[in-house]
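Please walk through how to read the features of a protein model, one at a time. The general idea should come before the case at hand.

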Amino acid sequence: MQVLVRDNNVDQALRVLKKKMQREGLFREMKERRAYEKPSERRVREKAQAISRHRKAARKQMQREGLLPGPKWAAAAR
């Protein structure tokens, strides 16, 4: 991963680097690797994440089709 420092502005470059790392999921992976996770716990966690992703996708699909109201922040932006 590479970030350019422009005009000796290291703070700006650090913000950009942190944002890139966040998008890549590096912080989440580091947190997961701090301690050993048993294979059975890993399967349970991954299954729960898959269920959560599926529910989120279904909820978004229903919102697009007009079966559910949109998110609260979208109504406030109008």
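The dialogue below goes from the overall fold to single residues.

Q: What kind of model is this, and how are residues numbered?
A: This is a predicted model, in which local features need pLDDT of at least 70 and side-chain atom pairs count only at pLDDT 80 or more, while totals for chains, interfaces and linings use all residues. Residues are numbered from 1 along each chain as its sequence is written, and side-chain values use heavy atoms, with hydrogens and water left out.

Q: How many helices and strands does the protein have?
A: Helices (H or I, at least four residues) and strands (E, at least two) are DSSP runs, numbered from the N terminus. The protein has four helices and zero strands. Its pattern along the sequence is α-α-α-α.

Q: How does the radius of gyration of the protein compare with that of a compact globule?
A: The radius is taken over C-alpha atoms, and the globule rule is 2.2 Å times the number of residues to the power 0.38. For 78 residues a compact globule would be near 12 Å, but the protein has 19 Å. Along the principal axes, its C-alpha atoms fill a box of roughly 50 × 45 × 15 Å.

Q: What percentage of the residues count as buried?
A: Buried means under 20% relative accessible area, exposed over 50%, and partly exposed in between (1.4 Å probe, protein chains only). Of the 78 residues of the protein, 4% count as buried.

Q: How much area does the protein expose, and what share of it comes from carbon and sulfur atoms?
A: Accessible areas come from the Shrake-Rupley method with a 1.4 Å probe; for residues, only the protein chains shown count as cover. The protein exposes about 7,800 Å². Carbon and sulfur atoms supply 52% of that area.

Q: How far apart are the mean positions of the positive and negative charges?
A: Lys and Arg count as positive and Asp and Glu as negative; His and the chain ends are not counted. The place of a charge is taken as NZ of Lys, CZ of Arg, CG of Asp or CD of Glu. The protein has 23 positive and 9 negative charges, and their mean positions are 6 Å apart.

Q: Which salt bridges are formed by R33, E37 and R42?
A: A salt bridge is a side-chain nitrogen of Lys or Arg within 4 Å of a carboxyl oxygen of Asp or Glu. The whole structure holds four salt bridges. One of them joins R33 to E29, at 2.9 Å from N to O. R33 counts as exposed because its relative accessibility is 64%, whereas E29 is partly exposed at 35%. Another pairs E37 with R45, whose closest N and O atoms are 2.9 Å apart. E37 has a relative accessible area of 24%, so it is partly exposed; R45 is also partly exposed, at 22%.
The side chains of R42 and E46 meet at 3.1 Å, N to O. Both residues lie in helix α3 (residues 39-64), four residues apart, about one turn of the helix. Salt bridges that share partners also join E32, E37 and R45 into one network.

Q: Which residues make the nonpolar patch, and which gather in the positive one?
A: Patches are made of residues with over 30% relative accessible area and no salt bridge: like charges are joined within 9 Å, nonpolar side chains (Val, Leu, Ile, Met, Phe, Trp, Tyr) within 5 Å. M1, L26, F27 and M30 make a nonpolar patch of about 380 Å². M30 is in helix α2 (residues 26-32) and is partly exposed, at 45% relative accessibility.
R15, K19, K20 and R23 gather in a surface patch of positive charge. K19 belongs to helix α1 (residues 10-24) and is exposed because its relative accessible area is 52%.

Q: What sign of phi do D7 and N8 have?
A: Most residues other than glycine have a negative phi. D7 has a positive value, near 55°, and is not glycine. N8 likewise has a positive phi of about 55° without being a glycine. D7 lies in the segment before α1, as does N8. D7 is exposed at 78% relative accessible area, and N8 is exposed at 72%.
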